[in-house]
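Hi everyone, thanks for coming. Please have the sequence and the structure open while I talk.

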Amino acid sequence: MKPLVTHEIGSLAKPNWRVKLLTGRPLTDTDIEDAKYWATQLGLKSEGDELLSILHKRKEISDQDKQRVIHISSLFATKLLERAGLDLLFDGEQHRIEMYEHVIRNVEGFKFYGHVRSFDNKYYRRAACVYRPSLKRYYHLDEFNTVKGFTSKPIKVPVTGAYTVVDWSFDEYYMKNVAIGTRTAHEARHVARVRFLKDVAERIVKPNLKSLIDAGAKYIQLDEPAATTKRDEVGNFIDTVIWTIGELKHTDVFWSIHICFSNYSMLFPHIEKLQGIVHELHFEYANRDTKQLGRHPDVRIGYDVINQLKGYNFVVGIGTIDVHTDYVEPPELVRDRILYVVDIIGDPYRVFVAPDCGLRTRSWRVAYQKLRNMVEGRNLAARELGLTV
Amino acid sequence: MRIYKSLNGLYPRGEKLIKVTRDYDRGRVDETQLVEAYEADMQALFKLQEGLDLQYDGLLNWQDLLRPFVEIWDTVRVDGLVRYYETNTFFRVIEFGDNVRLNESQIEPWVDKYFHKPHGGLWFAYLPAPTLVRRFAKGATLKVIADIMLETTHYIIPKVDAIYFGDPSLVYDGVSADDMQVLRKFYAMVKRELGSKLLLLMTYFASPDEEKLNFLVSLEVDAIGLDFVHTEYEVLKSLRWPHDKGIAAGVFDTENSLIESPNAVIQFVQMLAEELNPQFIVVTGSSDWHFLPRTCADKKVQVLKSLPKAI
């Protein structure tokens with residue numbers, strides 16, 4: 001493994017030409033120009049021509065056309081990340097609607113009820129577990145095999161973790177007939193919650209992991225943005241990761257966990273139990289950091305939790321760019337963030353460089369520029385450390 | 001015992017409004033269409049609340065519980081995202097500059113924009129408590145926040161029949177002795193301005209311990225709200241509930257879609273009435289309702305409406 005490995009976290013935006021075509025909305029000239037722009041930028045002439053021929057139809061779009069557009073958006077996204085210079089690639093989750101909905105659509109036992117606000121005017125569809133979950137189909141296998149065909153670089157597959165699936169779902173099955181307001185009721189709620197977590201870990205996520213490993217996956221990232229949502233359940237989250245990976249820890253897969261927008265201090269000391277199972281812990285940091293250059297703790301205020309991670313043997317994945325703003329971090333800022341962390345951890349081979357989270361809320365142009373600068377910042381840091389990357 | 005029925009906190013937007021807000025963000029609809037969608041959704045919510053004793057506008061045009069205040073608190077600006085307690089919802093931090101001031105020239109249109117009179121029942125305004133604001137604020141002490149909130153509340157009180165303050169932090173985070181002094185004074189002053197109008201302090205997301213309970217019931221408010229998804233009623237037994245104070249019983253689980261059985265709710269409320277003998281009980285949600293999709297929330301409201309007026 002080389003030092004200061006760079007990777008994206010998962011999602012990129014779905015381009016307008018893809019969204020509109022799939023939802024039957026009219027495409028504008030700007031959408032067509034955008035498709036042309038990326039085909040040219042990424043040097044994908046034949047796929048670009050094919051895409052444009054589908055987009056120019058503007059109506060009577062067949063299911064086959066739609067599948068091709070998804071395929072091409074997956075190719076474009078993979079190549080965008082490759083061109084940005086990342087070491088580990090994926091396709092910006094172009095095959096998925098959204099990290100939660102993608103799972104639920106492929107699982108029996110859940111029912112969608114409607115949208116719930118995440119923040120501002122951003123919503124996600126939320127489902128309830130209405131009977132015991134079971135897997136309909138392996139929901140990452142096709143996309144993994146597709147992306148494998150796009151690049152010779154290593155692929156890292158982001159997989160929504162079981163704890164997050166449960167935490168983002170309502171529970172009408174395990175919690176049925178559980179009352180509220182009394183001590184006995186609260187104990188019953190806890191028992192119901194554990195049963196739900198264990199079932200999703202063992203019956204839903206784990207079989208998908210196994211299918212990916214059988215297909216040759218070497219880097220798997222469990223996305224667990226909900227990990228520290230509930231302070232009394234951090235232990236449950238850790239148990240859920242252990243149930244999920246289980247004996248798969250004996251494979252040659254590099255296991256990563258991504259958590260964001262959370263209170264990371266709540267993970268300690270629980271994460272100790274994940275040593276020897278999980279290799280990398282990636283958190284979001286840039287969102288809470290200053291934009292000033294420098295490597296002093298007063299400036300790098302977003303990275304204070306690194307001091308707590310120092311004593312463990314995890315690879316420390318660091319969010320070095322903020323995904324919720326169009327501000328493009330200069331390479332020098334990324335460099336200083338990396339060097340600050342390397343100085344604490346003491347080993348550049350134990351530091352991975354990434355954005356805070358998926359870049360799906362940014363346009364591809366902004367995302368690309370941010371990622372380019374991130375890679376350039378990593379290169380500056382490596383140069384200063386006398387390392388070859 | 002008299003039972004009041006009421007919603008509380010941010011109410012979920014309807015699916016149609018959600019779509020319009022998204023389309024507006026993406027430039028697909030104009031402001032007139034957005035305003036019309038808010039109006040239609042609000043009217044639907046007013047209709048839904050028919051029969052509830054206390055009613056409001058659901059805060060449908062609030063981006064979160066703090067954002068409207070940024071528009072009238074000079075020197076306060078919006079910053080990054082932070083998780084809203086133990087939920088999958090995020091608020092934006094608000095950053096206070098020096099010498100925060102209420103923009104009095106804008107306060108009247110601001111009140112009109114964010115507080116809409118329902119068609120029936122007592123009209124309540126739902127506001128974030130100073131301790132909630134502090135959790136999501138940078139650069140301001142609780143005292144500074146309480147002062148500016150008090151000044152703002154002054155302009156809302158004449159319009160409404162009741163004020164609810166939502167305060168998860170008081171029980172979830174805890175408060176210091178100095179904080180307690182600030183809060184004691186704050187609620188006393190709000191109550192003084194309200195006179196005979198109702199003042200409710202709603203707590204969420206955690207069970208208060210004995211010390212917090214004693215503090216809560218000592219405040220000059222008409223009722224204390226308790227989230228019974230997280231609160232075990234057994235902890236209340238250690239306390240002699242003051243007979244001049246009501247309980248806002250958060251018995252509708254706003255974090256889960258399971259629809260409550262009316263009988264189970266009645267039984268639980270009956271137990272509270274018998275064991276604690278509060279002055280009155282407001283039956284309500286365990287926290288903001290917007291953690292539910294609108295269809296689920298609306299179904300729970302139908303159960304709430306079906307409850308008897310007295311037990």
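Let's start at Tyr4(B), which stands opposite Val282(B) in strand 11 of chain B. I should say straight away that this is a predicted model. The pair belongs to a contact between strand 1 and strand 11 (residues 281–285) of chain B, which run in the parallel sense and share three bridges.

Now widen the view. Where does that pairing sit in the whole sheet? Chain B has an open sheet of eight strands, in the order 1-11-10-9-8-7-5-2, with parallel pairing. At the edges you find strand 1 (3–5) and strand 2 (54–55) of chain B; each has a single partner strand, so one side of each is left without a neighbour in the sheet. As a general reminder, strands of a sheet pair through backbone hydrogen bonds, either parallel or antiparallel.

Follow that order along to strand 7 of chain B, residues 162–166. Is strand 7 of chain B mostly covered or mostly open? Mostly covered: five of its five residues are buried. In a regular strand, side chains alternate between the two faces of the sheet. Here, Ala162(B), Tyr164(B) and Gly166(B) are on one side, Ile163(B) and Phe165(B) are on the other, and they are all buried, so both faces are covered.

Strand 7 of chain B also has partners. Strand 5 (residues 122–128) of chain B runs parallel to strand 7 and is joined to it by five bridges; in one of these pairings, Leu127(B) is matched with Phe165(B). Strand 8 (residues 198–202) of chain B is parallel to strand 7 as well, again with five bridges, and there Ile163(B) has Leu199(B) as its bridge partner.

Keep Ile163(B) in mind, please. Nonpolar side chains tend to be buried together in soluble globular proteins. In this model the largest nonpolar core has 206 residues, and the members that touch the most others are Val341(A), Val351(A), Ile163(B), Leu200(B) and Ala249(B). Which residues does Val341(A) touch, leaving aside those up to four places away in sequence? They are Tyr303(A), Ile306(A), Val316(A), Ile318(A) and Val351(A).

That brings us to where the chains meet. There, 33 residues of chain B are in contact with 34 residues of chain A. On the chain B side, helix 1 (15–25), strand 3 (73–83), helix 10 (262–276) and helix 11 (294–306) each supply at least two residues. The largest share, five residues, comes from helix 1 of chain B. By type, the chain B side divides into 14 nonpolar, 10 polar and nine charged residues.

Over to chain A, then. Chain A holds 12 helices and nine strands. Its C-alpha atoms fill a box of roughly 65 × 55 × 40 Å along the principal axes. How does chain A fare against the rule for a compact globule? For 389 residues the rule gives a radius of gyration near 21 Å, and chain A has 21 Å, so the two agree. Buried residues make up 50% of chain A. Of its contacts between residues at least 6 apart in sequence, 75% join residues at least 24 apart.

One part of chain A to look at is an open sheet of three strands, in the order 1-2-4 and with mixed pairing. Strand 1 and strand 4 (170–171) of chain A are the edge strands, each with a single partner, so one side of each has no neighbour in the sheet. Strand 2 and strand 4 of chain A run parallel and are joined by two bridges, with Ala128(A) opposite Phe170(A). Helix 8 (residues 183–214) of chain A lies across strand 1, strand 2 and strand 4, at about 90 degrees to strand 2.

Last, some backbone details. Most residues other than glycine have a negative phi, and most peptide bonds are trans. Glu93(A) has a positive phi, near 55 degrees, and sits in the loop between helix 4 (63–84) and helix 5 (101–105) of chain A. Is Glu93(A) buried or exposed? Since 24 other C-beta atoms lie within 10 Å, Glu93(A) is buried. Asp120(A) also has a positive phi, near 45 degrees, and is found in the loop between strand 1 (107–119) and strand 2 (122–135) of chain A. With 16 C-beta neighbours inside 10 Å, Asp120(A) counts as partly exposed. And the peptide bond from Phe268(A) to Pro269(A) is cis, with Pro269(A) in the loop between strand 6 (254–259) and strand 7 (280–283) of chain A.

Thanks for listening!

Definitions and conventions: Residues numbered from 1 in each chain as written. Chains lettered and ligands numbered in written order. Predicted model: local features only at pLDDT ≥ 70, side-chain atom pairs only at ≥ 80, totals over all residues. Helix = DSSP H or I, 4+ residues; strand = E, 2+ residues; numbered from the N terminus. Buried ≥ 20, exposed ≤ 12 C-beta atoms within 10 Å, placed from the backbone. Contact = placed C-beta atoms within 7 Å. Nonpolar A, V, L, I, M, F, W, Y, C, P; charged D, E, K, R; others polar. Pairing = 2+ DSSP bridges. Core = buried A, V, L, I, M, F, W, Y, C linked by C-beta atoms within 7 Å. Axes fitted to C-alpha atoms, helices over the stretch in contact; angles between N-to-C directions. Rg over C-alpha atoms; globule rule 2.2 N^0.38 Å.
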